[in-house]
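Biologist: I am new to this structure and would welcome a close look at one part of it. Please take a single helix and then place it within its surroundings.

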Amino acid sequence: MSSSKPRVLVLGGGVGGVVVARLLAEKLRGRAEVTLVDRSEYHLFPPSLVWIMTGERRPEDIRAPLSGLTRFGVRFVRAEVEAIKPEERVVSTTRGDLEYDYLVVALGSEPRPDLMDVDDTVCSPWTVSGALKCKDLLSKARGAKVKVLAGAWSWPYKCPPAPFEVAFLAKYLLSEVRGLDAEVGVVHFWSRPMEPFGPKMASAFEEFMEKFGLKYVGGFRPVKARGGIVESERGEKLEYNIAIFAPPHEPPKPVAESPLSSEDLGGYMMVDKRTLRHPKYREVFGVGDVVAPSLGIGMAGVFAHFEAEYVATQIVDEIEGVYSGSDYNRSGICVMDLGYVGAAVYCDFKGKILGYSEYPDCVMLGGMRAFRVFKYAFEKLWFARWLGR
Ligand SMILES: Cc1cc2nc3c(=O)[nH]c(=O)nc-3n(C[C@H](O)[C@H](O)[C@H](O)COP(=O)(O)OP(=O)(O)OC[C@H]3O[C@@H](n4cnc5c(N)ncnc54)[C@H](O)[C@@H]3O)c2cc1C
C-alpha cells in the first residue's frame, strides 16, 4: 500500500459500482481516495428500461450524471477501461493509467443485440436504444390479431425474469390499454418458466401466465428471427409480428482479456464465493453481473447491490482495522410490473451460491397492485439514496 492515503479504484458506475463507491466515501470520510471510472457520463437504472418500452419513462428519467458523485467525495473519471493489470496494480484507460491499492471491478455484462440474426421486427429492451425501438414497434402494432413473442436468445442475460415481465407488459399494453386482439407468448430454452429457480417458482409463473392468457413454449433456442418467423436450433418455426428478446451478453473486454477472468466462466471474472475477492489478487474484488457466473447465480441488480455493500465493508475493515459489521446478504427480492398487477418473488441464494442446494429457496410473495407501487417507489428511492437526485 502507498504511504499516503489508500487508493480505491472502482471500475463501472452502474448498480454495483455506485453503491460501493458511495459507501466507501461515506464510511472512510476522506481517509481514502475513492475514484470511479465509467465510459458513460450517466448512471443508468436498468430495471426501468421496461418503462421506456411502455412509454412511461423517457431515457433522461432513468439516468443520472455520474459527475454528481463528486459532492459525496467520489472522484469520477469518464474514460473507457482498456486493460486491467493486477500484477502491476494498474488499470489503463483512455484517460491514462490509474494505480490502486484496492480495485473493485463492477463492469457488468455487455448486451450484444448485434449478435442476433434478426430483422427490424425484433427489439431488445436491454439497452436504452433497444427499449425505444420496442416502444416504436409496440406503438405501431395494428391488425386483426397481433402476435408478440418475448424470450431469451442465450444464457447468461441480465435479469432472468425480465422476458416474462416484458411479455406481460406487452400483453397489458396491447390488449387492455389499446384494445387490440393480442396473442402474447414467451419462448425460452428453459423447459418450464423460471426453471433454475425451482419447481415452486415454475408453477407460480405458469399460474400467472395461464391467468392472464400468455402461452409458454419451452426448450426453444432461437437462431434466427426474420420475416415474422422465429426459428429454433432444432428447426421449429413460430410466427410473430413483434419479437422481443433478451440478447446475447458478453463479458466486458478488459476483464475477459485480463488474468482476472477464467475460460471456464466464459471470460467472466473469477471470485472467491465467500469473500468476493479474486483468489490470486486479494486486493481485487468483483461485484455484480461480471461475477454472476463465478457465483453460479443470475445477473440482477439486487445481487450487485448487496455484494457492493459487503465489499465496501471488507475494504473499510481492512483500511481502518475494525469490523464494521455488515454480513453478505445472499438473498434477493425481484419485483415485477406485470401491467395487470405487480408481482414479487423473494429468494435466498445462500445454498445455491455455496453449493449445498440445487435451487435457491424462493417464495412467491404474490400478485397485487401494491407491488407495482413498490417498484415505482424503489426507483425514486434508488436515485435519491445513491445519486442524490
Ligand atoms: C431490462 C432489464 C430489467 C432489469 N430488471 C431488474 C430488476 O427488476 N431487478 C434487478 O435486481 N435487476 C434487474 N436488472 C438487472 C440489473 O440491471 C443488472 O444486473 C445490474 O445493473 C448489474 O449491475 P452491475 O453494476 O454489475 O452492472 P451495470 O449496472 O451494467 O454497470 C456496468 C457499468 O460499467 C460500465 N462499463 C462497462 N464496460 C466499461 C469499460 N470498458 N470502460 C468503462 N466503463 C465500462 C457501463 O457503462 C456501466 O455503467 C434488469 C436489467 C435489464 C436489462
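**Helix H4 and its surroundings**

Modeller: In this predicted model, helix H4 has 16 residues, which at 1.5 Å a residue should span 22 Å; the C-alpha atoms at its ends are 21 Å apart, in agreement with that expectation. Helix H4 covers residues 162–177. Of its 16 residues, 13 are buried, and the helix is therefore largely enclosed by the rest of the structure. After H4 comes Gly179, which has a positive phi, near 70°.

The surroundings of the helix may be described next. The largest nonpolar core has 125 residues, and those that touch the most other members are Val20, Leu24, Val104, Val105, Val148 and Ala170. Helix H4 supplies the largest share of this core, with 10 residues. Domain 1 (7–109 + 251–320) and domain 2 (111–249) both contribute residues to the core, so it lies between them. One of the core residues named above, Val104, may serve as an example. Apart from neighbours within four places in sequence, Val104 is in contact with Val10, Leu11, Val20, Phe285, Val287 and Val311.

The two domains also meet directly. The chain is divided into domain 1 (7–109 + 251–320) and domain 2 (111–249), and their C-alpha centres lie 30 Å apart. In the contact between them, 15 residues of domain 1 meet 17 residues of domain 2. On the side of domain 1 that touches domain 2, the elements giving two or more residues are H2 and helix H7 (292–295). H2 provides the largest share of that side, 5 residues. By class, this side of domain 1 comprises 10 nonpolar, 4 polar and 1 charged residues.

The ligand completes the picture. It is surrounded by 35 residues, of which the closest are Gly14, Gly16, Pro46, Gly108 and Gly288. Two or more residues of this shell come from each of helix H1 (15–28), strand E2 (33–38), helix H2 (49–54) and helix H8 (301–320). The shell around the ligand consists of 21 nonpolar, 9 polar and 5 charged residues. Because domain 1 and domain 2 both give residues to the shell, the ligand lies between them.

Helix H8, one of the elements of that shell, may be set beside H4. With 20 residues, H8 reaches 28 Å from its first C-alpha to its last, close to the 28 Å expected at 1.5 Å a residue. Just after H8, Gly321 adopts a positive phi of about 70°.

Terms used. Residues are numbered from 1 along each chain as its sequence is written. This is a predicted model: local features need pLDDT of at least 70, side-chain atom pairs count only at pLDDT 80 or more; totals for chains, interfaces and linings use all residues. A residue is near a molecule or strand if its C-beta atom, placed from the backbone, lies within 6 Å of it. Helices (H or I, at least four residues) and strands (E, at least two) are DSSP runs, numbered from the N terminus. Ala, Val, Leu, Ile, Met, Phe, Trp, Tyr, Cys and Pro count as nonpolar, Asp, Glu, Lys and Arg as charged, and the others, Gly among them, as polar. Domain bounds come from an automatic or database domain assignment. A nonpolar core is a set of buried Ala, Val, Leu, Ile, Met, Phe, Trp, Tyr and Cys residues joined through C-beta atoms within 7 Å. A residue is buried if 20 or more other C-beta atoms lie within 10 Å of its own, exposed if 12 or fewer, and partly exposed in between; C-beta atoms are placed from the backbone. Two residues are in contact if their C-beta atoms, placed from the backbone, lie within 7 Å. The expected span of a helix is 1.5 Å times one less than its number of residues.
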